[in-house]
Amino acid sequence: MGVFELRLKQQGEPALVPPAGETAKGSYYLSNLDQNIAVIVKTVYCFKAAEDVGNGDGRSAGDVLRESLAKVLVHYYPLAGRLAISGEGKLAVDCTGDGAVFVEAEADCAMADIGDVTEPDPSVLGKLVYTVPGAKNILEMPLLAAQVTKFKCGGFVLGLAINHCMFDGVGAMQFVNSWGETARGLPLSLPPALDRAVLRARHPPRPEFPHHEFAQVTDDDADAGEVTSPPLLYRSFRFTAASIARLKAMAPLDGRACTAFEALAGFVWSARTRALGVGPTRRSKLLFAVDGRPRFLSPPLPAGYFGNAIVLTSAACAAGELSAASPERAVRLVRGAVEAVTDAYMRSAVDYFEATRARPSLASTLVITAWSRLPFRAADFGWGPPAAYGPAALPEKEVALFLSCGEERGGVRVLLGLPAEAMAEFQRIVEEVTEA
C-alpha cells in the first residue's frame, strides 16, 4: 500500500453548505469536557456502486449528501459555525450559520486500489479527507468538512474531518446516523440535545479528587524509550473473540471476570511498554476515556446529548510491574481506573479544569481510544451500510485505537504506531497470544 499513489483527477472548489433553514446565532457554550480535545478526527466511509443501489431518483451521491447535510444542519446548527475564544479564554462556537465545508472529487482508479482501509496510510486516505490549505491552528479549520470522492468502479468514499470538541464518538455517530436518516427521507430517531449547560462547573469549583490523569511523568530518564524521534510504522492487529478470551484467562481477578476492554487494554499497555524497552523503574501511564452518559446521575445527561460526555481516567505504575505474559497487574489497574469514574469524580473533573485549566500530560503515556462499539455500519445514506470504514490516520502518536473487526462478533482490531524495532517486538508478543 505504501507504493500506491492516489491521484485525484478532479477536485472541485470547496463550497460552504449552510443550514437549510433559519437557525440561532450568537455564542454557543462548550463545556469543560470539550476543551482539552480540540483535535481534528478524520474518518472514511466506503460505499460500493452508488449508481446501482442509490436512492433511485437520479441524483448523484454528492447531490444527495450535500442536500441532506444542509437539512440535518438545521438540527445540528453549531456545526455550521466557527470555533472562537470566549471572554473566559475558553473555546466556544460562534454560530454564524456560514456552513460546513463540502468538497467533491474524482479519483482515477477503482476504490479497491486504495487497499485495506483498516491499515490506514495517511498518504492515501489523507487525500480522501479535506484539509484546509495553510491553516495555522484549530481556529482556522471548519468544525465539519465533508469530501465525497467518486471512483471509476462507481463507488465513492465519504471522508469526514470533525473537530473533537464538538462531540465524542457516541455523539459523532448519532450525528452521522441523523444525516443518513435525513438522506433517506426519515425523521430523526434521536434529535440532538444541544444545551451543554448541564455540564457547567460548580461555583466556586470544588474538585474532590487528585486527577492523576493530568500528572506528568518526571523520572530522571524521561527521554528513554520515547517514540518521538524515529519514524513510526502504523499497524493493525486483529484480536479474535478467542484471543480475547485467552487474555481474560491470563488475568484472573478476584470476585468477577475482567471485561474484554480491561483485558485488552492491560495487555496492550504491557506489551507496548515492553516493546519500547522502557526501563523497569520508570513510570508508565495509561490514559483512556470512559463514557459518562450512564454515569452522570445528578442530573443525568439528556438522551441525544450533543457534546463530549467522556471523562479521562488513568492508571500508572513502574514499567517493571507490567508483564505482557502475565498482565494481571495491568488489568487490575485498568479496572480501578474504570471504577473510579463516578458521578462525583466526573463533576470533580469538570471543576478541576475550571480551577486549573490543566491539560493531560502525554509524556510516557499510552492513550487508548475505544471505537470498537461505535456503530459505524449504521452510516446508511441510502446505499446500505459502508463496505469499509475507519480512521484516515491516528490523531496522535501516543494513541492506540480499538476498532471492531467488521461483522466478526466479539473481535477487536488494535491500531497503533511504533518505531520499526519496537513494532517487530510488539508483533512478536501479540502473536504469542493470538496464535496460541
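Start with the whole protein chain in view: ten helices and 16 strands make it up. Keep in mind as you go that this is a predicted model.

**The whole chain.** Rotate the C-alpha trace onto its principal axes, and the protein chain spans about 60 × 55 × 40 Å. Its radius of gyration is 22 Å, and a compact globule with 436 residues would have a value near 22 Å, so the two agree. Colour by burial next: 51% of the 436 residues are buried. Switch on a surface and you will be looking at about 18,400 Å² of exposed area, 53% of it supplied by carbon and sulfur atoms. As for contacts between residues at least 6 apart in sequence, 81% join residues at least 24 apart.

**The six-stranded sheet.** Now select the open sheet whose strands follow the order E10-E16-E15-E13-E11-E12, with mixed pairing. Look to its edges, where E10 (232-239) and E12 (310-318) each have a single partner strand, so one side of each has no neighbour in the sheet. Sight along the sheet to see the twist, which averages 20° from one strand to the next.

**One edge, closer up.** Which strand is joined to E10 by eight bridges? Select residues 412-419: this is strand E16, and E10 and E16 run antiparallel. For a single pair to display, pick Arg235, whose bridge partner in E16 is Leu416.

**The helix across the sheet.** Finally, select residues 260-275, helix H7. Helix H7 lies across E10, E11 (283-291), E12, E13 (365-370), E15 (399-404) and E16. Show H7 together with E13, and you will find the helix running at about 150° to that strand.

How values were computed:
Residues numbered from 1 in each chain as written. Predicted model: local features only at pLDDT ≥ 70, side-chain atom pairs only at ≥ 80, totals over all residues. Heavy atoms only, no water. Pairing = 2+ DSSP bridges. Helix = DSSP H or I, 4+ residues; strand = E, 2+ residues; numbered from the N terminus. Axes fitted to C-alpha atoms, helices over the stretch in contact; angles between N-to-C directions. Contact = heavy atoms within 4.5 Å. Rg over C-alpha atoms; globule rule 2.2 N^0.38 Å. Buried < 20%, exposed > 50% of the residue type's maximum accessible area, 1.4 Å probe, protein only. Areas by Shrake-Rupley, 256 points an atom, 1.4 Å probe, with all protein chains shown as cover.
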